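Colleague: I'm new to this structure and would love a close look at one part of it. Could you walk me through how a pair of its helices fit together?

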Amino acid sequence: QSLKAEMLYRYYQQYRYKFYSRTAVVNDESTDITAWGAERLHREITAAYEASLSQKTLLEKTGLDEFDPVIVKGNARALRSTLYDLLAHRALEYFKSGDAALTNPTNQFELTDPAAFAPAAAFAAHRFAAADTASLQYHALLVLQELLRLHKNNKAALLDADLERITYMRQVAVMEDKDSLYLAALNSLALAYAGSPEVTGIMEQQAAFYLQKGPGSSGGDMKKAKAICEEAVKLAQGSAGGVVCAQMLDQITDKSLELVTEKVNVPLLPFRTLVRYRNIHKIFLRVVKIDEPFLESLRKAQRNYAGRENTYWKLILARPALKTWEQPLPDPEDYTIHKAEIKIDALPVGQYMLLSSADPAFSMKNNPIAMQMAWVSGISYIDSNTDYYALDRTTGKPLAGIQVDVMKPAGNNDANSWSLQQSLVTRKDGSVKITPVKNINQLRLHWKNGQDELYIDEYKYYYGTKEADAPPSAQTFLFADRSIYRPGQLVYFKGIG
């Protein structure tokens, strides 16, 4: 019966898309599974899983050893040692899935009873009201009650089932205070199992609860999660819960560092960069001058990444620094991400790389390193299709007589190497018109004004000369004064062309 239910459920999952266009057949007694609707199929799956658990007394007395040839063993045999355990958890996998008929009944079951989070004995004995007894959630509730009754005298197995119950109740309950009820249930369990290795499973859930809240909280929740994880690791590091808590502890205390800088900054004026960081109280910075040959070597290192993981960063860190300094950062030690803007001293025109590290030696081992590339240039530009206008970055005035090299991919639209397509000079109003190349759909512009240049690593996409040279077409957009009108109501609209 359990295998039959599994096969029916797989059939439903494989052909789920077909059921969206089917309506339920009243009093359907057909034996042709291909003609069934979703409701009928779910009824059959539920009935098969219920039938698999019907001989409860016999199943509870039957061990699993003789079924070993057809069981993929996990690490829960000591906690789920009977045939009832095996079949009940197979049924739970379906009942907890949330799959149901495509249309919900008017009396749909909703879990609003706070007894869902009551102690195990009280939960197992409680009678939950349900008008919709076909609800999968309701069936999952009943199976969980049976599992708690079964293991009431086996402390470890009872905890395993109870943790599954509490976690699922939090998932499906709809009461407003379910998080506080969930946490209170975990705290009660932790007290009941205090000092035993099994308690680390509860502590794992407690820490995960605070960890999920932490990124959007003031930081106190992250501290609570850290304290719980440290206690669990100290109590039983090798237990399942202890191992997960150790992983969460690494996640909480991990350092992170990121820089966000404007792509182009004004020459000879200080500018700012945004630092996003966690668990860092000081960073070390370098400003490095870079050029196109160096960038090509970086692109080559990226292309040949396999087996040479460190080549890219070794090239970056080997570049001589123009300036080095350190920057203190406010760190309240709350294990959350913080942001701070820091000053970068004025630089002459050129392209630069800003590097930061939590380690003054910029070690590539167990140390976050952030890198940001930026131009310092007085050139700016705006564009409309193939028309460009060069402007002074500070005053906004047109830049006349400056050179624009239009670069195209060297071959087969390869954006890793470029060749000159045409060289132009801006007019008196700073304008220049480029000519797209047939079958070349991306171009890159290199602006030059004496020692000042701007060669942003961005591409302008074109699709043939016909589209680029086509005259603009007239369009009209109509707007009504509201989205819904009452019958007989006057409709006002306007058109913008």
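Colleague: At what angle do helix α10 and helix α12 pack, and how far apart are their axes?

Modeller: Happy to help! Please keep in mind that this is a predicted model. Two packed helices are described by the angle between their axes and the distance between the axes, so let's take both. Helix α10 covers residues 199-213 and helix α12 covers residues 240-253; they pack at an angle of about 25°, with 7 Å between their axes. Because angles under 35 degrees count as roughly parallel, α10 is roughly parallel to α12. Their crossing is left-handed.

Now for the residues that meet. On the α10 side, you can look for Thr200, Gly201, Met203, Glu204, Ala207, Ala208 and Leu211. Their partners in α12 are Ala240, Gly241, Gly242, Val244, Cys245, Met248, Gln251 and Ile252. Sorted by character, the residues of this contact comprise nine nonpolar, five polar and one charged.

While you have the model open, the largest pocket is worth a visit too. Its volume is about 660 Å³, and 23 residues line it. Leu64, Ile71, Leu86, Leu87 and Arg90 are the lining residues nearest the centre of this pocket. Helices α1 (2-14), α3 (38-52) and α5 (83-95) each supply at least two lining residues, and α5 gives the most, with seven. The lining of the largest pocket divides into eleven nonpolar, six polar and six charged residues.

Notes:
Residues numbered from 1 in each chain as written. Predicted model: local features only at pLDDT ≥ 70, side-chain atom pairs only at ≥ 80, totals over all residues. Heavy atoms only, no water. Axes fitted to C-alpha atoms, helices over the stretch in contact; angles between N-to-C directions. Helix = DSSP H or I, 4+ residues; strand = E, 2+ residues; numbered from the N terminus. Parallel < 35°, antiparallel > 145°, perpendicular 65-115°, else oblique. Left-handed = near helix turned anticlockwise from the far one by under 90°. Contact = heavy atoms within 4.5 Å. Nonpolar A, V, L, I, M, F, W, Y, C, P; charged D, E, K, R; others polar. 1 Å grid on protein atoms, 1.4 Å probe; cavity = no way out; pocket = protein on both sides within 12 Å on 5 of 7 lines; lining within 4 Å. Points joined across faces, edges and corners; volume = space filled by probe spheres on them.
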